[in-house]
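Student: I have a model open on my screen and would like some help reading it. Could we go through it together?

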Amino acid sequence: MSDGSSVRDDYGYVSAGRRVGIAMGGYHYAQPGDPIAQANRLIDRCVTDGARDLAPALDLEDPFVPDAAAADFAVRFLRQVAARGHVPCL
């Protein structure tokens, strides 16, 4: 759904899944940069595409390493998702 500062094409999966009754949600692959902007990009896409059945998910892996900077990114991202009215998933 989103990758860092990019939006990924879902190739129609969200609308096709919703048509047949599958719960859909958003997924963000984190990249170094602004976690607030990345969270907003994911939520905007979830709202636009109607992928709001499942919690928006943050994927925090490579290029991040398990350190304080990654933890700070995750906390800021997840708080922004919550501020936008969604219960996030990590």
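Tutor: Gladly! Let's begin with a helix and what packs on it.

Student: What covers the buried residues of α2?

Tutor: Helices (H or I, at least four residues) and strands (E, at least two) are DSSP runs, numbered from the N terminus. Buried means under 20% relative accessible area, with a 1.4 Å probe and protein chains only, and contact means heavy atoms within 4.5 Å. The cover of α2's buried residues includes β1, β2, β3 (27-29), β4 (57-59) and α3.

Student: How is this model made, and how are residues numbered?

Tutor: It is a predicted model, where local features need pLDDT of at least 70 and side-chain atom pairs count only at pLDDT 80 or more, while totals for chains, interfaces and linings use all residues. Side-chain values use heavy atoms, leaving out hydrogens and water, and residues are numbered from 1 along each chain as its sequence is written.

Student: Which element has the lowest mean pLDDT?

Tutor: pLDDT is the predictor's confidence in each residue, from 0 to 100. The chain's mean is 93, and helix α3 (residues 68-83) has the highest mean among the elements, 97. The lowest, at 78, belongs to strand β2 (residues 6-7).

Student: Which residues of α2 are buried, and why do they lie on the same side?

Tutor: They cover an arc of only 160 degrees around the axis, taken from the directions from the helix axis to the C-beta atoms, which puts them on the same side of α2. The buried residues are Pro35, Gln38, Ala39, Leu42, Ile43, Arg45 and Cys46.

Student: Is Ser2 buried or exposed?

Tutor: Ser2 sits in strand β1 (residues 2-3). Its contacts include Tyr27 and Leu42. Because its relative accessibility is 1%, Ser2 counts as buried.

Methods: Buried means under 20% relative accessible area, exposed over 50%, partly exposed in between (1.4 Å probe, protein chains only). Lists of a residue's contacts leave out its neighbours within four places in sequence.
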